[in-house]
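Reader: I have a structure to look at and would like to understand how its parts fit together. Where should we begin?

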Amino acid sequence: MDKQTQVELLDELVQLHQSKSPFLDEHWVKVDSDRYTSGKVFDRERERIHRGLPQIAAHVSALAEPGAFVTVEVVGSPLLLTRDEQGDVRAFYNVCRHRGAQLVPEAAGCKHRFSCPYHAWTWNNAGDLIAVPHEKSGFPGLERAEHGLHSVPCEVHAGWIWVNLAEGAETVDVAAHLGEMAADMEAMQAQDHVVFDCVTLDIPANWKLLVEGGLEAYHFRVAHRNTIAPLFLDNLSSYRCFGPHMRSILPRATLPGIREQAASDWSLGEHANVLYTVFATAQFLVQEDHFIWIQSKPLDAGNTRLVLSTMVPVEANTPERQAYWKKNHELTLVTLIEDFDLAEGIQRGFSSGVRQPLNFGRFEGALEAFNRTVDGYLA
Ligand code: FES
Ligand SMILES: [Fe+2]
(Lines give C-alpha, C1' and ligand atoms only; values in the text may rest on other atoms or scores of the structure.)
(Ligands and ions follow the chains in the order given, each with its own letter.)
Protein backbone atom coordinates (compact mmCIF):
# COMPACT_ATOMS: atom_id res chain seq x y z
CA MET A 1 0.00 0.00 0.00
CA ASP A 2 1.44 3.42 -0.92
CA LYS A 3 2.55 5.82 1.78
CA GLN A 4 -0.18 8.36 1.11
CA THR A 5 -2.95 5.79 1.54
CA GLN A 6 -1.35 4.56 4.77
CA VAL A 7 -1.20 8.12 6.11
CA GLU A 8 -4.81 8.82 5.10
CA LEU A 9 -6.08 5.65 6.74
CA LEU A 10 -4.16 6.37 9.94
CA ASP A 11 -5.15 10.02 9.95
CA GLU A 12 -8.84 9.17 9.66
CA LEU A 13 -8.60 6.87 12.68
CA VAL A 14 -6.47 9.28 14.73
CA GLN A 15 -9.07 11.99 14.19
CA LEU A 16 -11.93 9.68 15.11
CA HIS A 17 -10.05 8.65 18.25
CA GLN A 18 -9.40 12.29 19.13
CA SER A 19 -13.05 13.16 18.76
CA LYS A 20 -14.01 10.01 20.70
CA SER A 21 -16.10 8.71 17.84
CA PRO A 22 -16.21 5.30 16.20
CA PHE A 23 -16.21 4.94 12.40
CA LEU A 24 -19.93 5.27 11.70
CA ASP A 25 -22.18 4.29 8.83
CA GLU A 26 -25.35 6.24 8.13
CA HIS A 27 -27.86 3.85 9.71
CA TRP A 28 -28.05 0.78 11.83
CA VAL A 29 -29.93 -2.15 10.38
CA LYS A 30 -31.86 -5.28 11.24
CA VAL A 31 -31.00 -8.51 9.45
CA ASP A 32 -33.15 -11.64 9.23
CA SER A 33 -31.56 -14.67 10.89
CA ASP A 34 -32.87 -16.86 8.05
CA ARG A 35 -29.82 -16.07 5.99
CA TYR A 36 -27.70 -18.08 8.45
CA THR A 37 -29.97 -21.10 8.76
CA SER A 38 -31.79 -21.68 5.50
CA GLY A 39 -30.68 -24.63 3.41
CA LYS A 40 -32.18 -22.91 0.36
CA VAL A 41 -30.09 -19.79 0.91
CA PHE A 42 -27.01 -21.96 1.40
CA ASP A 43 -27.63 -23.87 -1.85
CA ARG A 44 -27.88 -20.59 -3.78
CA GLU A 45 -24.69 -19.31 -2.11
CA ARG A 46 -22.89 -22.49 -3.04
CA GLU A 47 -23.89 -22.24 -6.68
CA ARG A 48 -23.49 -18.51 -7.23
CA ILE A 49 -20.76 -17.54 -4.77
CA HIS A 50 -18.68 -20.50 -3.67
CA ARG A 51 -18.71 -22.33 -6.99
CA GLY A 52 -19.42 -19.25 -9.06
CA LEU A 53 -16.35 -17.20 -8.09
CA PRO A 54 -12.61 -17.97 -8.17
CA GLN A 55 -11.47 -19.70 -5.01
CA ILE A 56 -8.05 -20.05 -3.41
CA ALA A 57 -7.20 -23.75 -3.39
CA ALA A 58 -3.68 -23.60 -1.90
CA HIS A 59 -0.65 -21.46 -1.23
CA VAL A 60 1.90 -21.68 -4.02
CA SER A 61 4.51 -23.18 -1.65
CA ALA A 62 2.41 -26.37 -1.65
CA LEU A 63 3.75 -27.03 -5.18
CA ALA A 64 7.36 -25.98 -4.89
CA GLU A 65 8.84 -28.07 -7.73
CA PRO A 66 7.87 -30.31 -10.67
CA GLY A 67 6.36 -33.52 -9.33
CA ALA A 68 4.92 -31.88 -6.21
CA PHE A 69 1.24 -32.54 -5.59
CA VAL A 70 -1.35 -31.72 -2.97
CA THR A 71 -4.93 -32.85 -2.50
CA VAL A 72 -7.47 -30.33 -1.25
CA GLU A 73 -11.19 -29.96 -0.93
CA VAL A 74 -12.68 -26.84 -2.47
CA VAL A 75 -16.42 -26.21 -2.19
CA GLY A 76 -17.04 -29.88 -1.48
CA SER A 77 -15.02 -31.04 -4.50
CA PRO A 78 -11.93 -33.19 -3.95
CA LEU A 79 -9.14 -31.73 -6.08
CA LEU A 80 -5.65 -32.85 -7.00
CA LEU A 81 -3.21 -30.01 -7.64
CA THR A 82 0.07 -30.81 -9.38
CA ARG A 83 3.14 -29.10 -10.78
CA ASP A 84 3.91 -30.93 -13.98
CA GLU A 85 7.29 -31.58 -15.67
CA GLN A 86 7.08 -28.23 -17.48
CA GLY A 87 6.61 -26.46 -14.15
CA ASP A 88 2.94 -25.64 -14.86
CA VAL A 89 0.44 -25.83 -12.04
CA ARG A 90 -2.61 -27.94 -12.84
CA ALA A 91 -5.83 -28.80 -11.05
CA PHE A 92 -7.94 -31.93 -11.53
CA TYR A 93 -10.84 -33.61 -9.85
CA ASN A 94 -9.28 -36.26 -7.62
CA VAL A 95 -11.56 -38.85 -9.19
CA CYS A 96 -10.52 -41.91 -11.21
CA ARG A 97 -11.84 -42.03 -14.77
CA HIS A 98 -12.39 -45.82 -14.60
CA ARG A 99 -15.03 -46.22 -11.89
CA GLY A 100 -14.67 -43.12 -9.82
CA ALA A 101 -12.38 -44.15 -6.96
CA GLN A 102 -10.47 -41.47 -5.08
CA LEU A 103 -7.31 -41.40 -7.17
CA VAL A 104 -4.85 -39.90 -4.69
CA PRO A 105 -5.44 -40.54 -0.99
CA GLU A 106 -2.30 -38.79 0.28
CA ALA A 107 -2.47 -35.15 1.42
CA ALA A 108 0.73 -34.10 -0.36
CA GLY A 109 4.01 -35.38 -1.73
CA CYS A 110 6.09 -35.76 -4.87
CA LYS A 111 4.92 -38.10 -7.64
CA HIS A 112 5.19 -38.02 -11.40
CA ARG A 113 2.41 -40.55 -11.97
CA PHE A 114 -0.73 -41.41 -10.08
CA SER A 115 -1.92 -44.99 -10.03
CA CYS A 116 -5.48 -45.61 -8.85
CA PRO A 117 -5.59 -47.77 -5.69
CA TYR A 118 -8.54 -49.76 -7.12
CA HIS A 119 -7.42 -51.23 -10.52
CA ALA A 120 -4.28 -49.21 -11.22
CA TRP A 121 -5.34 -47.03 -14.13
CA THR A 122 -2.48 -44.52 -14.16
CA TRP A 123 -2.12 -40.85 -15.16
CA ASN A 124 0.92 -38.60 -15.34
CA ASN A 125 0.96 -35.29 -13.46
CA ALA A 126 -0.30 -33.46 -16.54
CA GLY A 127 -3.47 -35.58 -16.32
CA ASP A 128 -2.78 -37.86 -19.32
CA LEU A 129 -3.86 -41.48 -19.03
CA ILE A 130 -0.69 -43.55 -19.43
CA ALA A 131 -1.54 -47.10 -18.29
CA VAL A 132 -4.60 -49.36 -18.14
CA PRO A 133 -4.06 -52.94 -16.92
CA HIS A 134 -5.53 -55.53 -19.34
CA GLU A 135 -6.52 -52.71 -21.64
CA LYS A 136 -6.69 -54.74 -24.88
CA SER A 137 -9.00 -57.45 -23.54
CA GLY A 138 -11.12 -55.29 -21.25
CA PHE A 139 -11.42 -51.97 -23.06
CA PRO A 140 -10.80 -52.57 -26.78
CA GLY A 141 -10.71 -49.30 -28.67
CA LEU A 142 -10.39 -47.16 -25.52
CA GLU A 143 -9.29 -43.66 -26.49
CA ARG A 144 -6.74 -42.74 -23.85
CA ALA A 145 -6.84 -39.10 -24.96
CA GLU A 146 -10.51 -38.98 -23.98
CA HIS A 147 -9.82 -40.33 -20.52
CA GLY A 148 -7.46 -37.75 -19.13
CA LEU A 149 -8.24 -36.59 -15.61
CA HIS A 150 -11.05 -34.04 -15.51
CA SER A 151 -9.27 -30.74 -15.22
CA VAL A 152 -10.36 -27.61 -13.40
CA PRO A 153 -9.25 -24.15 -14.58
CA CYS A 154 -6.49 -22.89 -12.31
CA GLU A 155 -4.11 -19.96 -12.15
CA VAL A 156 -1.26 -18.88 -9.92
CA HIS A 157 -1.76 -15.28 -8.86
CA ALA A 158 -0.15 -13.22 -6.08
CA GLY A 159 1.29 -16.32 -4.42
CA TRP A 160 -1.96 -18.31 -4.40
CA ILE A 161 -3.30 -21.16 -6.52
CA TRP A 162 -6.81 -20.22 -7.61
CA VAL A 163 -9.40 -22.49 -9.17
CA ASN A 164 -12.71 -21.89 -10.85
CA LEU A 165 -15.38 -24.52 -10.22
CA ALA A 166 -18.13 -22.69 -12.07
CA GLU A 167 -20.03 -24.93 -14.50
CA GLY A 168 -18.41 -24.80 -17.94
CA ALA A 169 -15.62 -22.42 -16.85
CA GLU A 170 -12.45 -22.61 -18.95
CA THR A 171 -10.31 -19.99 -17.21
CA VAL A 172 -9.87 -18.25 -13.87
CA ASP A 173 -9.60 -14.52 -14.32
CA VAL A 174 -8.17 -13.72 -10.90
CA ALA A 175 -7.13 -10.18 -11.82
CA ALA A 176 -10.68 -9.35 -12.89
CA HIS A 177 -12.07 -10.98 -9.75
CA LEU A 178 -9.74 -9.01 -7.47
CA GLY A 179 -10.21 -5.72 -9.33
CA GLU A 180 -8.98 -2.82 -7.21
CA MET A 181 -7.99 -5.24 -4.46
CA ALA A 182 -5.26 -6.73 -6.69
CA ALA A 183 -2.59 -4.20 -5.69
CA ASP A 184 -3.03 -4.90 -1.97
CA MET A 185 -2.95 -8.64 -2.64
CA GLU A 186 0.34 -8.24 -4.53
CA ALA A 187 1.74 -6.08 -1.72
CA MET A 188 1.19 -8.90 0.75
CA GLN A 189 3.93 -10.81 -1.15
CA ALA A 190 2.40 -14.13 -0.24
CA GLN A 191 4.78 -15.91 -2.62
CA ASP A 192 7.67 -14.94 -0.31
CA HIS A 193 5.99 -16.52 2.71
CA VAL A 194 5.63 -20.09 3.97
CA VAL A 195 3.03 -21.79 6.08
CA PHE A 196 4.55 -21.83 9.57
CA ASP A 197 1.67 -23.74 11.11
CA CYS A 198 -1.84 -24.63 10.09
CA VAL A 199 -4.93 -25.80 11.97
CA THR A 200 -8.23 -27.14 10.61
CA LEU A 201 -11.34 -26.58 12.71
CA ASP A 202 -14.89 -27.79 12.08
CA ILE A 203 -17.24 -25.19 13.52
CA PRO A 204 -21.00 -25.65 13.81
CA ALA A 205 -21.81 -22.16 12.55
CA ASN A 206 -22.75 -20.56 9.26
CA TRP A 207 -19.76 -19.39 7.20
CA LYS A 208 -20.99 -15.78 7.16
CA LEU A 209 -21.00 -15.55 10.96
CA LEU A 210 -17.33 -16.55 10.90
CA VAL A 211 -16.43 -13.93 8.28
CA GLU A 212 -18.40 -11.26 10.16
CA GLY A 213 -16.52 -12.03 13.38
CA GLY A 214 -13.48 -10.15 12.11
CA LEU A 215 -15.23 -7.15 10.62
CA GLU A 216 -15.81 -5.01 13.71
CA ALA A 217 -13.88 -3.96 16.81
CA TYR A 218 -17.02 -3.43 18.92
CA HIS A 219 -16.54 -6.82 20.55
CA PHE A 220 -12.81 -6.57 21.33
CA ARG A 221 -13.16 -5.08 24.83
CA VAL A 222 -15.69 -7.69 25.85
CA ALA A 223 -15.11 -10.91 23.94
CA HIS A 224 -11.32 -10.65 23.87
CA ARG A 225 -10.81 -9.14 27.33
CA ASN A 226 -8.49 -12.00 28.30
CA THR A 227 -6.47 -12.01 25.08
CA ILE A 228 -5.95 -9.16 22.63
CA ALA A 229 -8.24 -6.41 23.96
CA PRO A 230 -5.42 -4.42 25.64
CA LEU A 231 -3.54 -4.32 22.32
CA PHE A 232 -6.34 -2.50 20.48
CA LEU A 233 -8.45 0.63 20.82
CA ASP A 234 -12.00 0.17 21.99
CA ASN A 235 -14.58 0.00 19.20
CA LEU A 236 -12.46 1.67 16.57
CA SER A 237 -12.02 0.23 13.09
CA SER A 238 -12.63 1.45 9.57
CA TYR A 239 -13.40 -0.33 6.34
CA ARG A 240 -13.57 0.19 2.62
CA CYS A 241 -15.10 -2.01 -0.07
CA PHE A 242 -13.32 -2.84 -3.30
CA GLY A 243 -16.08 -4.39 -5.38
CA PRO A 244 -17.13 -7.46 -3.36
CA HIS A 245 -13.90 -7.43 -1.33
CA MET A 246 -13.15 -5.44 1.78
CA ARG A 247 -10.20 -3.93 3.60
CA SER A 248 -10.69 -3.35 7.33
CA ILE A 249 -8.23 -1.36 9.44
CA LEU A 250 -7.97 -2.38 13.10
CA PRO A 251 -5.83 0.20 14.90
CA ARG A 252 -3.65 -0.88 17.79
CA ALA A 253 -3.44 0.88 21.15
CA THR A 254 -0.25 2.63 19.97
CA LEU A 255 -2.17 4.68 17.38
CA PRO A 256 -2.68 7.89 19.44
CA GLY A 257 1.11 8.10 19.94
CA ILE A 258 1.73 8.76 16.24
CA ARG A 259 0.60 12.35 16.65
CA GLU A 260 4.06 12.96 18.11
CA GLN A 261 5.65 11.81 14.83
CA ALA A 262 5.83 13.50 11.44
CA ALA A 263 3.28 11.97 9.07
CA SER A 264 6.14 11.02 6.76
CA ASP A 265 7.25 8.53 9.46
CA TRP A 266 3.82 6.93 9.87
CA SER A 267 3.57 3.29 8.97
CA LEU A 268 0.24 1.48 8.90
CA GLY A 269 1.76 -1.89 9.82
CA GLU A 270 3.26 -0.45 12.98
CA HIS A 271 -0.05 0.83 14.34
CA ALA A 272 -2.79 -1.31 12.85
CA ASN A 273 -3.68 -4.77 11.68
CA VAL A 274 -5.27 -4.93 8.26
CA LEU A 275 -7.92 -7.53 7.54
CA TYR A 276 -8.61 -8.30 3.90
CA THR A 277 -11.82 -10.14 3.14
CA VAL A 278 -11.35 -11.59 -0.32
CA PHE A 279 -14.87 -12.43 -1.29
CA ALA A 280 -16.13 -14.76 -0.33
CA THR A 281 -14.20 -17.25 1.74
CA ALA A 282 -10.63 -16.02 2.26
CA GLN A 283 -9.51 -13.56 4.90
CA PHE A 284 -5.98 -12.31 5.47
CA LEU A 285 -5.09 -10.67 8.77
CA VAL A 286 -1.93 -8.73 8.02
CA GLN A 287 0.20 -7.95 11.06
CA GLU A 288 3.46 -6.12 11.33
CA ASP A 289 5.80 -8.99 10.43
CA HIS A 290 3.55 -11.83 9.22
CA PHE A 291 -0.02 -12.59 8.24
CA ILE A 292 -2.77 -15.06 9.02
CA TRP A 293 -4.67 -16.79 6.24
CA ILE A 294 -8.17 -17.86 7.22
CA GLN A 295 -9.84 -20.00 4.58
CA SER A 296 -13.42 -20.95 5.25
CA LYS A 297 -14.99 -23.96 3.60
CA PRO A 298 -18.74 -23.79 4.00
CA LEU A 299 -20.12 -27.33 4.50
CA ASP A 300 -23.82 -26.59 4.95
CA ALA A 301 -25.97 -23.79 6.36
CA GLY A 302 -24.89 -24.56 9.91
CA ASN A 303 -21.37 -25.92 9.51
CA THR A 304 -18.08 -24.54 8.28
CA ARG A 305 -14.58 -25.96 8.08
CA LEU A 306 -11.92 -23.34 8.73
CA VAL A 307 -8.27 -23.68 7.83
CA LEU A 308 -6.17 -21.22 9.71
CA SER A 309 -2.54 -20.75 8.64
CA THR A 310 0.17 -18.54 10.10
CA MET A 311 2.23 -17.30 7.14
CA VAL A 312 5.74 -16.05 7.85
CA PRO A 313 8.34 -14.55 5.52
CA VAL A 314 10.66 -17.24 4.14
CA GLU A 315 13.78 -15.43 5.35
CA ALA A 316 12.35 -14.99 8.85
CA ASN A 317 11.44 -18.65 9.26
CA THR A 318 14.74 -19.34 11.03
CA PRO A 319 15.40 -21.75 13.94
CA GLU A 320 15.91 -18.80 16.32
CA ARG A 321 12.47 -17.38 15.52
CA GLN A 322 10.44 -20.59 15.83
CA ALA A 323 9.41 -19.86 19.44
CA TYR A 324 8.31 -16.34 18.48
CA TRP A 325 6.18 -17.53 15.55
CA LYS A 326 4.73 -20.32 17.66
CA LYS A 327 3.68 -17.82 20.33
CA ASN A 328 2.04 -15.66 17.66
CA HIS A 329 0.28 -18.62 16.10
CA GLU A 330 -1.07 -19.71 19.47
CA LEU A 331 -2.31 -16.24 20.42
CA THR A 332 -4.11 -15.96 17.08
CA LEU A 333 -5.65 -19.37 17.57
CA VAL A 334 -6.86 -18.67 21.12
CA THR A 335 -8.30 -15.31 20.03
CA LEU A 336 -10.07 -16.65 16.98
CA ILE A 337 -11.47 -19.55 18.95
CA GLU A 338 -13.07 -16.93 21.22
CA ASP A 339 -14.81 -15.60 18.08
CA PHE A 340 -15.73 -19.05 16.77
CA ASP A 341 -17.23 -20.11 20.12
CA LEU A 342 -19.45 -17.04 20.01
CA ALA A 343 -20.51 -17.81 16.44
CA GLU A 344 -21.32 -21.36 17.49
CA GLY A 345 -23.50 -19.99 20.30
CA ILE A 346 -25.30 -17.69 17.86
CA GLN A 347 -26.01 -20.61 15.54
CA ARG A 348 -27.34 -22.64 18.49
CA GLY A 349 -29.58 -19.68 19.36
CA PHE A 350 -30.98 -19.68 15.83
CA SER A 351 -31.91 -23.33 16.13
CA SER A 352 -33.64 -22.74 19.49
CA GLY A 353 -36.64 -21.55 17.50
CA VAL A 354 -36.68 -18.00 18.82
CA ARG A 355 -37.35 -15.68 15.89
CA GLN A 356 -35.52 -12.41 16.11
CA PRO A 357 -33.52 -10.28 13.71
CA LEU A 358 -29.87 -9.41 14.30
CA ASN A 359 -28.94 -5.78 14.86
CA PHE A 360 -25.90 -4.30 13.12
CA GLY A 361 -24.93 -0.99 14.72
CA ARG A 362 -23.60 2.02 12.81
CA PHE A 363 -20.04 0.95 13.77
CA GLU A 364 -20.79 -2.58 12.48
CA GLY A 365 -21.43 -1.33 8.96
CA ALA A 366 -18.86 -3.68 7.45
CA LEU A 367 -21.14 -6.60 8.36
CA GLU A 368 -24.01 -4.98 6.52
CA ALA A 369 -21.76 -4.27 3.52
CA PHE A 370 -20.62 -7.89 3.44
CA ASN A 371 -24.18 -9.17 3.59
CA ARG A 372 -25.28 -6.73 0.88
CA THR A 373 -22.57 -8.19 -1.33
CA VAL A 374 -23.80 -11.71 -0.63
CA ASP A 375 -27.36 -10.61 -1.46
CA GLY A 376 -26.13 -9.04 -4.68
CA TYR A 377 -24.90 -12.42 -5.89
CA LEU A 378 -28.07 -14.22 -4.80
CA ALA A 379 -30.51 -11.75 -6.34
S1 FES B 1 -11.65 -47.17 -10.12
FE2 FES B 1 -9.68 -46.46 -10.55
S3 FES B 1 -8.74 -48.02 -11.67
FE4 FES B 1 -10.69 -48.76 -11.26
FE1 LIG C 1 -12.81 -11.26 17.40
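Author: Begin with a term: domain bounds come from an automatic or database domain assignment. The model here is predicted.

Reader: Which domains does the assignment give, and how many Å separate their centres?
Author: The assignment splits the protein into domain 1 (3-51 + 180-378) and domain 2 (55-172). Their contact takes 20 residues from domain 1 and 19 residues from domain 2. Taken over C-alpha atoms, the centres of domain 1 and domain 2 are separated by 33 Å.

Reader: Where does the largest nonpolar core lie with respect to domain 1 and domain 2?
Author: This core has 81 residues, and the members that touch the most others are Trp 160, Trp 162, Met 185 and Phe 284. Domain 1 and domain 2 both give residues to the core, so its place is between them.

Reader: Which residues is Trp 160 in contact with, leaving aside neighbours within four places in sequence?
Author: Some of the partners come early in the numbering, including Ile 56, Ala 58, His 59 and Val 60. Others of the contacts of Trp 160 are Glu 155, Met 185 and Ala 190. The list ends with Phe 284, Phe 291, Trp 293 and Met 311.

Reader: How many residues are in the second, separate core?
Author: Among the members of this second core are Leu 63, Val 72, Val 74 and Ile 161. The count for this core is 16 residues.

Reader: Which residue of strand 12 is the bridge partner of Ala 58?
Author: Strand 2 (residues 55-59) is mostly covered, with five of its five residues buried. Strand 2 runs antiparallel to strand 12 (residues 160-163), and four bridges join them. In strand 12, Ala 58 is paired with Ile 161.

Reader: Is Pro 54 buried or exposed?
Author: Pro 54 sits in the loop between helix 2 (39-50) and strand 2. Leaving out residues up to four places away in sequence, it touches Trp 162, Val 163, Val 172 and His 177. The relative accessibility of Pro 54 is 10%, and buried means under 20%. Pro 54 therefore counts as buried.

Reader: What distance separates the C-alpha atoms of Pro 54 and Val 174?
Author: Along the chain, Pro 54 and Val 174 are 120 residues apart. In space, their C-alpha atoms are separated by 6.7 Å.

Reader: Which residues give the protein donors of the iron ion (ligand 2)?
Author: The donors follow the spacing H-x4-H-x114-D along the chain. They lie 2.1 to 2.3 Å from the iron ion. Both histidines, His 219 and His 224, are buried. The donor atoms are NE2 of His 219, NE2 of His 224 and, listed twice, OD of Asp 339.

Reader: What is the geometry at the site of the iron ion (ligand 2)?
Author: The angles among its four donor atoms are 59 to 148 degrees. Four donors count as tetrahedral if all angles lie between 85 and 135 degrees, so that label does not apply. The site is irregular.

Reader: Is Lys 20 buried or exposed?
Author: Lys 20 lies in the loop between helix 1 (3-18) and strand 1 (29-31). Its phi is positive, about 55 degrees, although Lys 20 is not a glycine. With a relative accessibility of 76%, Lys 20 counts as exposed.

Reader: What is omega for the peptide bond from Phe 279 to Ala 280?
Author: Ala 280 is placed in the loop between strand 16 (272-278) and strand 17 (282-286). The bond from Phe 279 to Ala 280 is cis, and omega is near 10 degrees.

Terms used
Residues are numbered from 1 along each chain as its sequence is written. Chains are lettered from A and ligands numbered from 1 in the order in which they are written. This is a predicted model: local features need pLDDT of at least 70, side-chain atom pairs count only at pLDDT 80 or more; totals for chains, interfaces and linings use all residues. Side-chain values use heavy atoms; hydrogens and water are left out. A nonpolar core is a set of buried Ala, Val, Leu, Ile, Met, Phe, Trp, Tyr and Cys residues joined through side-chain atoms within 4.5 Å. Buried means under 20% relative accessible area, exposed over 50%, partly exposed in between (1.4 Å probe, protein chains only). Contact means heavy atoms within 4.5 Å. Helices (H or I, at least four residues) and strands (E, at least two) are DSSP runs, numbered from the N terminus. Two strands pair if DSSP finds at least two bridges between them. Donors are N, O and S atoms within 2.8 Å of the metal (3.2 Å for Na, K and Ca); water is not among the atoms, so sites may look incomplete. Four donors count as tetrahedral if all angles lie between 85 and 135 degrees; four count as square planar and six as octahedral if opposite donors are over 155 degrees apart and all others between 65 and 115; anything else is irregular.
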